[in-house]
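Here is a short tour of some charged pairs, a polar contact and a surface patch. Please have a look at the structure first, and then read on.

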Amino acid sequence: MARFVWSVATASYQIEGAWRADGKGLSIWDAFTHTAFRIANYDTGDIACDSYNKISEDVEMLKKLRVNHYRFSVSWPRILPDGTTRQINQAGLNHYHRLVDALLAWAAGFDEKFGFFYVNHSDPSLPRIPKKSVTYYATMINCNGFPDPLQGPHECQTLEPEGKFHQNICSLVQ
């Protein structure tokens, strides 16, 4: 019988804010919400929850919620400001690297079943050993999410999966 698992998810437009910070381009939502008479009270995602500037606080909230799974979305205009791969915004990539680093630090305390690390619970002084999923996820981030399909399968798409945890980590990447 399947066990119920709590999880949370976020959408970049709804939580990040910092709509023009660090070279972010305009999304279709930015354009839509900044068009007169489209949205009641002229509300926008310009500030939203300000998650862009509050990664540490958000990860602390995930800890307090005691969730085992978290899915976040990527604001592509933050990484590809003009909508193409001609210009890659390093500040946008750095933002997601900071987010992933914070999530990995949070996950370091998980047990073996759900974590990014194998932990020896009988002797916690022994070092944690990263699972393949850590390498897989880091590779996905380093691929910047846009391998060229015309050049065949990218290494990001051909790594060996690591069972059910691999499926869970893939939900973070999507």
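A residue counts as buried under 20% relative accessible area, as exposed over 50%, and as partly exposed in between. Lys63 has a relative accessible area of 38%, so Lys63 is partly exposed. Keep in mind that this is a predicted model.

Lys63 pairs with Glu60 in a salt bridge. Glu60, at 39% relative accessibility, is partly exposed as well. The two sit three residues apart in helix H3 (residues 55-65), so about one helical turn separates them.

The count of salt bridges comes to four; three of these pairs are set out here.

| Salt bridge | N to O distance |
|---|---|
| Arg78 and Glu16 | 2.7 Å |
| Glu60 and Lys63 | 3.0 Å |
| Asp82 and Arg86 | 3.8 Å |

Where do Arg78 and Glu16 lie? Arg78 belongs to helix H4, while Glu16 is in the loop between helix H1 (12-15) and H2, so their salt bridge ties together parts that are 62 residues apart in sequence. Both partners are buried. In the Asp82 pair, by contrast, Asp82 is partly exposed at 37% and Arg86 is exposed at 70%.

Glu16 also touches Ser73, whose other contacts include Thr10, Ala11 and Tyr96. Ser73 is in the loop between strand E2 (69-71) and helix H4 (76-79), and its relative accessible area of 18% makes Ser73 buried. Its side chain reaches the backbone nitrogen of Ser12 at 2.6 Å.

On the surface, Ile28, Trp29 and Phe32 form a nonpolar patch with about 350 Å² of accessible area together. Ile28, part of helix H2 (residues 28-33), is exposed at 70% relative accessibility.

Methods
Residues numbered from 1 in each chain as written. Predicted model: local features only at pLDDT ≥ 70, side-chain atom pairs only at ≥ 80, totals over all residues. Heavy atoms only, no water. Patch = residues over 30% accessible without salt bridge, like charges linked within 9 Å, V, L, I, M, F, W, Y side chains within 5 Å. Areas by Shrake-Rupley, 256 points an atom, 1.4 Å probe, with all protein chains shown as cover. Salt bridge = Lys/Arg side-chain N within 4 Å of Asp/Glu carboxyl O. Helix = DSSP H or I, 4+ residues; strand = E, 2+ residues; numbered from the N terminus. Buried < 20%, exposed > 50% of the residue type's maximum accessible area, 1.4 Å probe, protein only. Polar contact = N/O pair within 3.5 Å; in protein donor to acceptor, adjacent residues only side chain to side chain. Contact = heavy atoms within 4.5 Å. Lists of a residue's contacts leave out its neighbours within four places in sequence.
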